[in-house]
Amino acid sequence: MKLEFERYGKGLAKGMTLTFRHVFRRPITTQYPEQRLIPSRRFRGYELIWYKNRCTGCGTCAKSCLQGNIEIVTSKGTENNYVVEKFEVDTGRCIFCGLCVEACPYEALFMGKAYERASYRRGQLVLSKEQLELSAERQPSGYARPKVEALLPKQTLLLERPRRRWGWH
Amino acid sequence: MLWPLDNYWAHFGVFTVIVLGFFLIGVMAFTYVERRGFGPFQLRLGPNRAGPFGVLQPVADAIKVLLKEDIVPARADKWVHWLASVIVLLPVLLILAVIPFHKGHGLIPDLNIGILYVVAVSALGVMGIFMAGWASNNKYSLIAAMRVVATMVSYEIPLVLSIIGVVLISGSLSLNDIVEGHTIPFFLLTPLGFLVFLLSAMAEINRGPFDLLEADSELVAGFHTEYSGMKFALFYLAEYGHALAMSAIAATLFFRGWVGPGSEYIGVLWFLVKMLFIFILLIWMRVTFPRLRIDQLMGFAWKCLFPLALINLLIVGVEVVAWEAPWWIIFVNFAVAGGLILLWSRFFKLGGGRVEVRV
Amino acid sequence: MELRTEPFVLNMGPQHPSTHGVFRMRVTFDGEVVVDMEPIFGYLHRGIEKLAETRTYTQVIPLTDRLDYLASMTNNHAYVLAVEKLAGIPVPERAEYLRVIMDELMRISSHLMAVGFFLNDLGCSVYTPLLYMYREREKILDLFEMVCGQRLTYNYMRIGGVSHDIPEEFMPALKKFVAEMPSFIDEYDQLLAENEILLARTKGVGILPRELAINASASGPVLRASGIKWDIRKKDPYSVYERFDFEIPTGKVGDTYDRYRVRIQEMRQSAHILEQAIEQLPSGEVQSKMPHLLHPPVGEAYGHIEAPRGELGFYLVSDNSIAPYRCHIRAPTLINLTALRDMVIGWKLADAIIIFGSIDIILGEVDR
């Protein structure tokens, strides 16, 4: 009679050896404020950037927003164009879907690269046209804008992190 | 022997301070080791922000817990609610009082019924947890309290039986004599006893794969759901203190306590190293395994650990009486342990446990 | 003197560490045994079906992201499939292949989450298996971020194709991921497939019999674990699934262990499909030409796909205007939940939690 033995703790031992082997692998933590990962080139960050000299006030972005976050008030200008008097985006309500950026026919609206845009008051999240402009801290990302995308650095991927352990902190 | 000045009061005063200090610092060190220890097993770093290498993390936890508001539920039994948190801490301190840190030194040096006292006192913890669960006026805590009474009482028996195996070989109940009794550490002489002791101790301290009393995926926090502030701190201290005490007992009984190569004066250091080793075993088992269900837990205690402990006792007894426990029983014991584990695995039941309910 | 017992009601409320969201169960216990169970949901209702009636067809796509928020690509796909059926819009081949690639990556990611949280409920209370799953899921989310810029709510598919073409670093990264995936699943099997505690807790627990599964219209891994070979990718193929060669894993008994194994094997099959899709990917454009505002003809259409959790379907009624007249969403987990009561009665508290975890619900879908 052949005695068959199974489930005598072999599975438990295999589990324990696996967790033990993980001790010798490099941890995949990034220490946040000191080390940051580079987000993707098409990152739909938490901000919108508006180019004053390209916007014509056509309102395509406002029509394509599914929540109606963009408010545009224009007045008639002197050279058969519109002068944009008010371009306000409620970034507190915005879901950052990017439909407005894709819709703009003059490439005047961009998504931003930053994700640290929290504020203490809800009212401060409604951005007027001066706050939406391009500046040193507000740089555009390449979402739906291939020319900007080609100039940005490549994203850091977890796949490319080395596996050996050093730098035990 | 009474250490400084040979005076009763001086000895107890100094050692009370030492034991309390050891307890508090030991618990803080254990929580630190546990949280940093989980890190490498899970490919992450543990907490490393509070202080250099996160050493002040337990201090930060202590301050946080002290500053919290102490909430007692409206219809809870106030005195029992308060008393439970105290009673849970009691057995831990009582056990730490008798452990020999060094040759013949301890708060109560060389108690002649050492291990019997330890076993008796550790049963008090059950009452504290049950009181906590009952007095909280919360169904989750009540379920946890019921589970406690069942499991902690059932796991006392394999615990005691595995300890008796060690006592038989060394011939005395006193912890000092157990440490110095045999030159070979007992985990080699009674491997099955060591295994049973480790598993029962894990169940007694509600940790690892046996932690369904505070299973936070089922009963939000089990018996300490309704506790906050200092009372929760006492439960937290008691849980890690109990782990500390059990590691200390295991190091004393099975690994020869403070004995180690080197001069006699660094015995305390060897003791701490062995305690830490056992604690890392506990952490390793907690990290890897899921939890057992209540009826499987009871089945494991009564159908698996209890008979194994009894058979271990029988074999050790035969060896002590017939051959006075020489060194070659190591191989016999390992073979017996392996054979018994393989044999008992045939009783392993999968799943099941469905009760027919008339809807 | 006789022992008097009475059952008590425990409310595993909307806030609970393991109800996977704001889900409430009023369970009646007799000791530790479940005698009766009443699910109460609706805590996350956001009115997506009503909101869809006042948004144009393209503007509904970000709304559908938020249904099953852990598997957004498949939601988008089901919706645009329904609209394309309604309006008869062709889709270029490259777009179809990209949709398949995204769907299968999404399936792997969603099953990783499902299995990880299932094991968390089982009691690995310091999240070890969950963190291993999360490491692989991070790699998938990095790939998605590369393509469309977001990691959770993608808004990637459009009516008539997909919104962006893949960047050039996507393919090497995807190939590397697909090559490493089977060894990760093997490692995972080493951790848990033979683990005695897992077997003791899940084998034979929470059996969903075949007839009940069919009568309750269950779908997805829950149905396949009960032994029924039903997968919409084979029975009613959409997109380009006929060109791939893959198997449908089924279970034998229908207990929680089988549901866990079916998900693990589906991950392996998804990796296989991904290898074939990478080889066969043609070049071309990624979105067919469409008017700015779509006016589909009057009629109705039902588009359904095999989402990771079951059969996700969108029923659209149009009256030739720019917004759908009615959009109804057939959420797979809501329908799977109807069988929960029969699965749970007779088991203990601990089992009730893991049976519930093995169905793998997402409240965003259940409540819409």
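The bend at a residue is the angle between axes fitted to the seven residues ending there and the seven starting there. By that definition, α12(B) has a kink of about 30 degrees at B:Leu305, shortly before the proline B:Pro307. This is a predicted model, in which local features need pLDDT of at least 70, side-chain atom pairs count only at pLDDT 80 or more, and totals for chains, interfaces and linings use all residues. Residues are numbered from 1 along each chain as its sequence is written, while chains are lettered from A and ligands numbered from 1 in the order in which they are written.

**Confidence in chain B**
- Chain B has a mean pLDDT (the predictor's confidence in each residue, from 0 to 100) of 83, and 93% of its residues reach 70 or more.
- Among its elements (DSSP runs numbered from the N terminus: helices are H or I, at least four residues; strands are E, at least two), helix α9 (residues 191–204) has the highest mean pLDDT, 90, and helix α7 (residues 175–181) the lowest, 80.

**Helix α12(B)**
- Helix α12 of chain B covers residues 294–323 and reaches 42 Å from its first C-alpha to its last.
- That is close to the 44 Å expected at 1.5 Å a residue, taken as 1.5 Å times one less than the number of residues.
- B:Glu324, just after α12(B), takes a positive phi of about 60 degrees.

**Chain A**
- Chain A holds 4 helices and 5 strands, in the order α-β-α-β-β-α-β-β-α.
- Its C-alpha trace spans about 100 × 40 × 35 Å along the principal axes.
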